[in-house]
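Here is a short briefing on one chain, grouped by topic. Please read it beside the sequence and the model.

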Amino acid sequence: MKPTSTPAGGSVFLQELELDVCIELTLAETGPSEEEAVGLPIEEWLSDPEDAQRYEFGLQNLLGAVEAVRRIETEG
């Protein structure tokens, strides 16, 4: 995931948040798939596969929100 470019005068906080979310999303996407995780004994799970899926979905929503705020900053 590549963060969008920073508009002139854009918020440094939003830029850093977007970068952090992109990094976390990349890590979540490159982790074991739900099928792979379910194939392991429960004692070897690093996290519940459903929790991992919810976490990734939350990151995608957060990234969308950050991008929307940055678009508003750019327009106005």
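Buried residues, those under 20% relative accessible area with a 1.4 Å probe and protein chains only, make up 16% of the 76 residues in the chain. The model is predicted, so local features need pLDDT of at least 70, side-chain atom pairs count only at pLDDT 80 or more, and totals for chains, interfaces and linings use all residues. Residues are numbered from 1 along each chain as its sequence is written, and side-chain values use heavy atoms, with hydrogens and water left out.

**Surface and overall build**

- The chain exposes about 5,600 Å². Carbon and sulfur atoms supply 59% of that area. Accessible areas come from the Shrake-Rupley method with a 1.4 Å probe; for residues, only the protein chains shown count as cover.
- There are 3 helices and 0 strands in the chain. Both terms refer to DSSP runs numbered from the N terminus: H or I over at least four residues for helices, E over at least two for strands.
- The order from the N terminus is α-α-α.
- Take the contacts (heavy atoms within 4.5 Å) with a separation of 6 or more. Residues 24 or more positions apart account for 72% of them.

**Packing of α1 and α3**

- Helix α1 covers residues 12-30, and helix α3 covers residues 49-75. Their axes are 9 Å apart, and the packing angle is about 155 degrees. Axes are lines fitted to C-alpha atoms, for helices over the stretch in contact, and angles run from 0 to 180 degrees between N-to-C directions.
- α1 and α3 are therefore roughly antiparallel to each other, a label for angles over 145 degrees.
- The crossing of α1 past α3 is left-handed. In such a crossing, the near helix is turned anticlockwise from the far one by less than a right angle.
- On the α1 side, the residues in contact include Leu14, Leu17, Val21, Leu25 and Ala28. On the α3 side, they include Tyr55, Leu59, Leu62, Leu63 and Val66.
- By class, the contact of α1 with α3 has 12 nonpolar, 2 polar and 7 charged residues. Ala, Val, Leu, Ile, Met, Phe, Trp, Tyr, Cys and Pro count as nonpolar, Asp, Glu, Lys and Arg as charged, and the others, Gly among them, as polar.

**Residues in α1 and α3**

- Leu17 lies in α1. Leu17 is partly exposed (between the 20% and 50% limits), with a relative accessible area of 25%. Leu17 and Leu62 are 45 residues apart in sequence, with C-alpha atoms 9.4 Å apart.
- Tyr55 belongs to α3. Its relative accessible area is 43%, so Tyr55 is partly exposed. Tyr55 and Ala28 are 27 residues apart in sequence and 8.0 Å apart from C-alpha to C-alpha.
- Gly58 is also found in α3. Gly58 is partly exposed, at 32% relative accessible area. From Gly58 to Leu25 the sequence gap is 33 residues, and the C-alpha distance is 9.4 Å.

**Around α2**

- Helix α2 spans residues 34-38 and holds Val38.
- Leaving aside neighbours within four places in sequence, Val38 is in contact with Trp45 and Pro49.
- Val38 and Asp48 are 10 residues apart in sequence and 8.8 Å apart in space, C-alpha to C-alpha.

Notes:
Parallel < 35°, antiparallel > 145°, perpendicular 65-115°, else oblique.
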